[in-house]
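Got the model open in your viewer? Keep the selection box handy, and let's take a walk along the chain.

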Amino acid sequence: MRHTKHRRGVEKPQVRLGLTEDEDVRAMLRGSRFRKIRSRTWHKERLYRLQEDGLSVWFQRRIPRAPSQHIFFLQHIEAVREGHQSEGLRRFGGAFAPARCLTIAFRGRRKNLDLAAPTAEEAQRWVRGLAKLRARLDAMTQRERLDHWIHTYLHRADSDQDSKMSFKEIKSLLRMVNVDMNDMYAYRLFKECDHSNNERLEGTEIEEFLRRLLKRPELEEIFYKYSGEDHVLSAPELREFLEDQGEDGATLAHAQHLIQTYELNETAKQHELMTLDGFMMYLLSPNGAALDPAHMCVFQDMDQPLAHYFISSSHNTYLTDSQIGGPSSTEAYVRAFAQGCRCVELDCWEGPGGEPVIYHGHTLTSKILFRDVVQAVRDHAFTLSPYPVILSLENHCGLEQQAAMARHLRTILGDMLVTQALDSQNPEELPSPEQLKGRVLVKGKKLPAVRSEDGRILSDREEEEEEEEEEEEVEAAEQRRLAKQISPELSALAVYCCATRLRNLRPAPTLPQPCQVSSLSERKAKKLIREAGNSFVRHNARQLTRVYPLGLRMNSANYSPQEMWNSGCQLVALNFQTPGYEMDLNAGRFLINGQCGYVLKPACLRQPDTTFDPECPGPPRTTLTIQVLTAQQLPKLNAEKPNSIVDPLVRVEIHGVPADCARKETNYVLNNGFNPRWGQTLQFQLRAPELVLVRFVVEDYDTTSPNDFVGQFTLPLNSLKQGYRHIHLLSKDGASLSPATLFVHIRIQCS
């Protein structure tokens, strides 16, 4: 968005989105009374209204809460579905015509919003309006987001809505945007812009104040270093900057292309020159981000056997909360697929009326029908990624209901389901993700089943139950008796993922059996890593291993997946419903390769005769140097307290083989979340760089209690670009915190 254009007064934020004339958006600004549907009897009328920023929706609550508890943000929406396309509306929305209904699904743990409009036309207005606003939001450049963000706060700070800003209103604006500026300095800045000398800023004076507020001295310094006395970058000067950045394609043609793409001034563009504004646009764009844009699409070889990939995997996928009393829901599967998950778990138990159910056995978690989950797989498994989905069956059903499971899988999934080997000549060889596009694999027991010493068949969750007898409840005896048998119908569906027990890896591994999958608890996996490091790595180069959290983790806490990836375990299953650094690592690992849920393992984890051992990775080979320069527009942690300003610090964490794991942090900056400066250098020595994930964390420093989380971004070292880069921060549940960024300089030296 151009800053040369003069604006009159404090413009309404939605004007800046360019959607004021849109009928749907105007209707949303007026608001609509929807029925919010939560159960068969709970259908309450609530007012929903698009806010003037065009980026958030205000909603009515029965009991008024703090203002921030009455809004949701468009950037937190995962999907908008029309009709009865959610579990809630299918179960409880029967009284309302599908044409009047819509579901707003959110990222993270927030529950779906199931709504019924007064008319089908009003429902359509919101479906269309939300789609337009979200598309506009996605299309906005970082500079436009920043521009819109500051004007939204400006509009709020203009308390009397007279389009003029008093010094008191300017002070209010500064607190809103997370900066506690010295009164004398703030007033001096105010007076420098008050050319009319009337103690009010208006029109161009406001724009000048914002320009001064948003100045980036560190970017100006870099720009002037390369641009020389004329204060514009020629294409050769920009190429020199790109070369110093370590860009692969630092050619004159590339520099010219960047000028045409990011320069705002038409005259400069015609003369192949880049101004400071254009330079800032470039550095705030995906081309100036820390994540390599070339890695955002599928760029890896997808024709290797499944065992050669890390595969995004979920544990207890059906749960939306804890594994003791939380609700089970098909929506949890939809949400996992939306996060790129490719291996989901189905914990199957005997249900009434011959219909198997899914829930966490012997707990108070609610139950859902097996067939409903299979329908959710059919409808949502391939919306984000075309690559295969693995259904990990934990089977506690008798023969009849196992046959019902097999019947549901075949009839609902149809041709999606793999029911026989793709290559009849080599049925034991694992196919590639490319060969299995759009297909569903079943991981389950195969007849003839292997019996344990006491003669019973091991369930699909064999390790934990074998080792931890305290988890074996007396009431489960009947279920265990039923599980002694495996139906041939269900057995036939385990083609490439035959569940088997990993007995031992020493003294020598048996002949590889690529179609066998072992399931290990995190404890057993850690024991194997310690005691049989290289043998375990070799095993995982040939066949799949699934790792799952200890059953003792009652609150659905996670373990660090990095340790398991270090040994080449492919299916490292996490509780997707539990945010934290473990899920940040998972999101970072699968951020690349088009977020398709499959990432090719490093060569040292794919070679059958590899000598790699994560416990003994050898000497340091790579030096990573990160200069933490500045941050921009960090979010306020307490929107209800105007005087609550963050004291930010930055921590850089290295997650890799044990010898590489490290964390270093900057000092904190007092009372400034708007544009804090550090200029501190953090350095790391790395022994196995190909496995490293780098996690950037911003926290609010607290002297008396643990620091508060502000934002983070995690990515693989191999996808980290060198030079001056912006890091676009994410919230605890993975949503964008735009326009919040870190500005860093990165250097990677290989010895």
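What follows is a series of stops, each with something to select and what you'll find there. Keep in mind that this is a predicted model.

**Stop one: helix H4**

Select residues 120-139, which make up helix H4. With 20 residues at 1.5 Å each, H4 should span 28 Å, and its end C-alpha atoms are 29 Å apart, so the two values agree. Now show side chains for Ala-123, Trp-126, Val-127, Gly-129, Leu-130, Leu-133 and Leu-137: these are the buried residues of H4. A bit of background for reading that list: an α-helix has 3.6 residues a turn, so residues three or four places apart point the same way.

**Stop two: a serine with a positive phi**

Move on to Ser-163, in the loop between helix H5 (142-157) and strand S8 (164-165). Ser-163 isn't a glycine, yet its phi is positive, at about 65°. Its relative accessible area is 28%, so Ser-163 counts as partly exposed.

**Stop three: H7 against H8**

Colour helix H7 (residues 183-193) and helix H8 (residues 204-213) separately; their axes come within 9 Å and cross at roughly 135°. That angle makes H7 oblique to H8. The crossing is right-handed. To see who touches whom, pick Leu-189, Phe-190, Glu-192 and Cys-193 on the H7 side, and Glu-205, Glu-208, Phe-209 and Arg-212 on the H8 side. Sorted by class, the H7–H8 contact has 4 nonpolar and 4 charged residues, with no polar ones.

**Stop four: H9 against H10**

Next, select helix H9 (residues 217-227) with helix H10 (residues 235-245), which pack at an angle of about 120° with axes 9 Å apart. H9 and H10 are therefore oblique to each other. Turn the view and you'll find a right-handed crossing of H9 and H10. From H9 come Ile-222, Tyr-226 and Ser-227, which meet Glu-237, Glu-240, Phe-241 and Asp-244 of H10. The split in this contact of H9 with H10 is 3 nonpolar, 1 polar and 3 charged.

**Stop five: an asparagine with a positive phi**

Jump to Asn-316, which sits in the loop between strand S13 (313-314) and helix H14 (330-338). Is Asn-316 buried or exposed? Buried: its relative accessible area is 0%. Check the backbone too, where phi of Asn-316 is near 45°, a positive value in a residue other than glycine. For context, most residues other than glycine have a negative phi.

**Stop six: helix H16 and what covers it**

Select residues 399-413 for helix H16, which has 15 residues. From first C-alpha to last, H16 reaches 21 Å, close to the 21 Å expected at 1.5 Å a residue. Its buried residues are Gln-401, Gln-402, Ala-403, Ala-404, Met-405, Ala-406, His-408, Leu-409, Ile-412 and Leu-413. What covers the buried residues of H16? Switch on strand S14 (343-349), helix H15 (370-380), strand S17 (389-395), strand S18 (440-444) and helix H19 (488-491), which are included in the cover. Before leaving, click Gly-414, just after H16, where phi is positive at about 55°.

**Stop seven: two buried loop residues**

Start with Val-657, in the loop between strand S25 (648-655) and S26. At 0% relative accessibility, Val-657 counts as buried. Leaving aside its neighbours within four places in sequence, Val-657 is in contact with Asn-566, Phe-612, Pro-614, Pro-617, Ala-688 and Leu-691. If you want to try the distance tool, the C-alpha atoms of Val-657 and Val-547 are 17 Å apart, with their positions 110 residues apart in sequence.

Then go to Phe-674, in the loop between strand S26 (662-665) and strand S27 (677-686). Phe-674 has 1% relative accessibility and so counts as buried. Again leaving aside neighbours within four places in sequence, its contacts are Trp-149, Val-177, Asn-178, Val-179, Leu-213, Leu-214, Ala-631, Gln-632 and Gln-633. Another pair for the distance tool is Phe-674 and Val-646, 28 residues apart along the chain, with C-alpha atoms separated by 9.1 Å.

**Last stop: a cis peptide bond**

Finish by selecting Ser-738 and Pro-739, which are joined by a cis peptide bond with omega of about 10°. Most peptide bonds are trans. Pro-739 has its place in strand S31 (residues 736-750).

How values were computed:
Residues are numbered from 1 along each chain as its sequence is written. This is a predicted model: local features need pLDDT of at least 70, side-chain atom pairs count only at pLDDT 80 or more; totals for chains, interfaces and linings use all residues. Side-chain values use heavy atoms; hydrogens and water are left out. Helices (H or I, at least four residues) and strands (E, at least two) are DSSP runs, numbered from the N terminus. The expected span of a helix is 1.5 Å times one less than its number of residues. Buried means under 20% relative accessible area, exposed over 50%, partly exposed in between (1.4 Å probe, protein chains only). Axes are lines fitted to C-alpha atoms, for helices over the stretch in contact, and angles run from 0 to 180 degrees between N-to-C directions. Angles under 35 degrees count as roughly parallel, over 145 as roughly antiparallel, 65 to 115 as roughly perpendicular and the rest as oblique. A crossing is left-handed if the near helix is turned anticlockwise from the far one by less than a right angle, and right-handed if clockwise. Contact means heavy atoms within 4.5 Å. Ala, Val, Leu, Ile, Met, Phe, Trp, Tyr, Cys and Pro count as nonpolar, Asp, Glu, Lys and Arg as charged, and the others, Gly among them, as polar.
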